[in-house]
Amino acid sequence: MIKFDRYERNLAIGGISKEQQEKLITSKVLVMGVGGLGSGVVMNLAAMGVGQIKVVDSEVIEETNFNRQLIHKYKNLGRAKVMSAKEWVQDFNPDIKVEIDKIKINELNYFNIVEGYDIIVDCFDTYESKYMLNEIALRHKMILIHGGIQGYCGQVTTIVPTKTGCLSCVVQKPAVFNEEPVCSLSPVVSVISALQAQEVLKILTGSGEPLLNKLLMFDGYKSEFKTLGFAKNIACDACNKEEAIYQNILQ
Ligand SMILES: [Zn+2]
């Protein structure tokens, strides 16, 4: 029995019908990483009423996380981030089913993690892991909501395999990743994670205009948004390779 009272104000805005709210409640969303972006995404998904959320992260909470990772409480310092996130959701909206996996995903172990989910939200904190996730999503024809942050800036796009360009279509995958830890400010992280959650809402309910072949860029320093249009690159290594693998899987 679905309890609609909690979501009365979602319906009242006119943008979401009862059927669309029902779709959210019966949807399953996979959140990869529950640091800064993952915190905001999980909190917004829980507020919107997404019925099942899976959170994947291998790390434990450290003192330096608290400047931007809003889902984690100080009492949970040293605990697994996935446990802390699950606890927050259960306290906030006990009707939501939360699955957790304290694991660092790689090409060998990801399959059971992504299987059965409708959509993946990229909240990882390194570009090496983001490009890997991009390829996994392409391979299994899963919609991927990409978000990235650095300093005062961030960006969001929605990748629909075979229909839109992918992360490698926008910026070719580097041959070598040499990454410092991502540093960002809480307001920037909150803006980007909220936009990612909004993309989930639009994709799941079929409402609004998702960021398809559009990279929305936010500059918090100048308080500016810009949209970069892009197209599927027919020479993209990731799109071509993963499409070939997908065809092999089908045979
Ligand atoms: Zn591509």
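# Why is it called that?

Modeller: Tyr152 is found in the loop between strand S5 (143–150) and strand S6 (153–159). Keep in mind that this is a predicted model.

Biologist: Why does Tyr152 count as partly exposed?

Modeller: Its relative accessibility is 40%. Buried requires a value under 20% and exposed a value over 50%, so Tyr152, at 40%, falls in between.

Biologist: Which residues make a nonpolar surface patch with Tyr152?

Modeller: Leu185 and Tyr221 join Tyr152 there, and the patch covers about 350 Å².

Biologist: What makes Tyr152 eligible for a patch?

Modeller: A patch residue must have over 30% relative accessible area. The 40% of Tyr152 passes that cut-off. Tyr and Leu are both on the list of nonpolar side chains used for patches, so the patch of Tyr152, Leu185 and Tyr221 is called nonpolar.

Biologist: Now the charged residues. What makes the contact of Arg79 with Glu87 a salt bridge?

Modeller: The closest N and O atoms of Arg79 and Glu87 are 2.9 Å apart. The cut-off is within 4 Å, so the pair qualifies.

Biologist: Are Arg79 and Glu87 buried or exposed, and how do you know that?

Modeller: Neither word fits. Arg79 has 30% relative accessibility, which makes it partly exposed. Glu87 has 21%. Buried means under 20%, so Glu87 also counts as partly exposed.

Biologist: How many salt bridges does a search of the whole structure find?

Modeller: The search gives 13. One of them joins Arg139 to Glu107, with the closest N and O atoms 2.8 Å apart. Arg139 lies in helix H6 (127–139). Glu107 lies in the loop between strand S3 (97–101) and helix H5 (111–114), so the bridge ties together parts that are 32 residues apart in sequence.

Biologist: Why does Arg139 count as buried?

Modeller: Its relative accessibility is 8%. That is under 20%, so the word buried applies to Arg139. Its partner Glu107 has a relative accessible area of 36% and is therefore partly exposed.

Biologist: Why is the contact of Lys241 and Glu135 called a salt bridge?

Modeller: The distance from N to O is 3.8 Å. That is still within 4 Å, so Lys241 and Glu135 meet the definition. Lys241 lies in helix H9 and Glu135 in helix H6, so this pair ties together parts that are 106 residues apart in sequence. Glu135 is buried at 6% relative accessibility, whereas Lys241 is partly exposed at 43%.

Biologist: Which residues are linked in a network of salt bridges?

Modeller: The network links Glu107, Glu135, Arg139, Lys173, Lys241 and Glu242.

Biologist: Next, the pockets. How much space lies in the largest pocket?

Modeller: The space is about 790 Å³. The pocket is lined by 36 residues, and those closest to its centre are Glu59, Phe124, Asp125, Thr126 and Ser129. Helix H6 gives the largest share of the lining, five residues.

Biologist: Into which classes do the residues of that lining divide?

Modeller: The lining of the largest pocket has 14 nonpolar, ten polar and twelve charged residues. Of the residues closest to the centre, Phe124 is nonpolar because Phe is on the nonpolar list, whereas Glu59 and Asp125 count as charged.

Biologist: How much space lies in the second largest pocket?

Modeller: About 180 Å³. Its 13 lining residues include Ser168, Gln172, Lys173, Asp237 and Ala238, which are the closest to its centre. Helix H7 (167–170) and helix H9 (237–250) each give two or more residues to that lining. By class, six lining residues are nonpolar, three are polar and four are charged.

Biologist: Last, the backbone. What is the phi of Lys141?

Modeller: Phi of Lys141 is near 55°, which is positive, and Lys141 is not a glycine. Most residues other than glycine have a negative phi. Lys141 is in the loop between H6 and S5. Ser223 likewise has a positive phi, of about 55°, and its place is in the loop between strand S7 (214–219) and strand S8 (224–229).

Biologist: Why does Ser223 count as exposed?

Modeller: Its relative accessibility is 63%. Exposed means over 50%, so the word applies to Ser223. Lys141 has 27%, which makes it partly exposed.

Conventions
Residues are numbered from 1 along each chain as its sequence is written. This is a predicted model: local features need pLDDT of at least 70, side-chain atom pairs count only at pLDDT 80 or more; totals for chains, interfaces and linings use all residues. Side-chain values use heavy atoms; hydrogens and water are left out. Patches are made of residues with over 30% relative accessible area and no salt bridge: like charges are joined within 9 Å, nonpolar side chains (Val, Leu, Ile, Met, Phe, Trp, Tyr) within 5 Å. Accessible areas come from the Shrake-Rupley method with a 1.4 Å probe; for residues, only the protein chains shown count as cover. Helices (H or I, at least four residues) and strands (E, at least two) are DSSP runs, numbered from the N terminus. Buried means under 20% relative accessible area, exposed over 50%, partly exposed in between (1.4 Å probe, protein chains only). On a 1 Å grid over the protein atoms alone, a cavity is a set of points where a 1.4 Å probe fits but cannot get out, and a pocket is an open set with protein on both sides within 12 Å along at least five of seven lines; lining residues have an atom within 4 Å of a point. Grid points are joined across faces, edges and corners, and a volume is the space filled by probe spheres set on the points.
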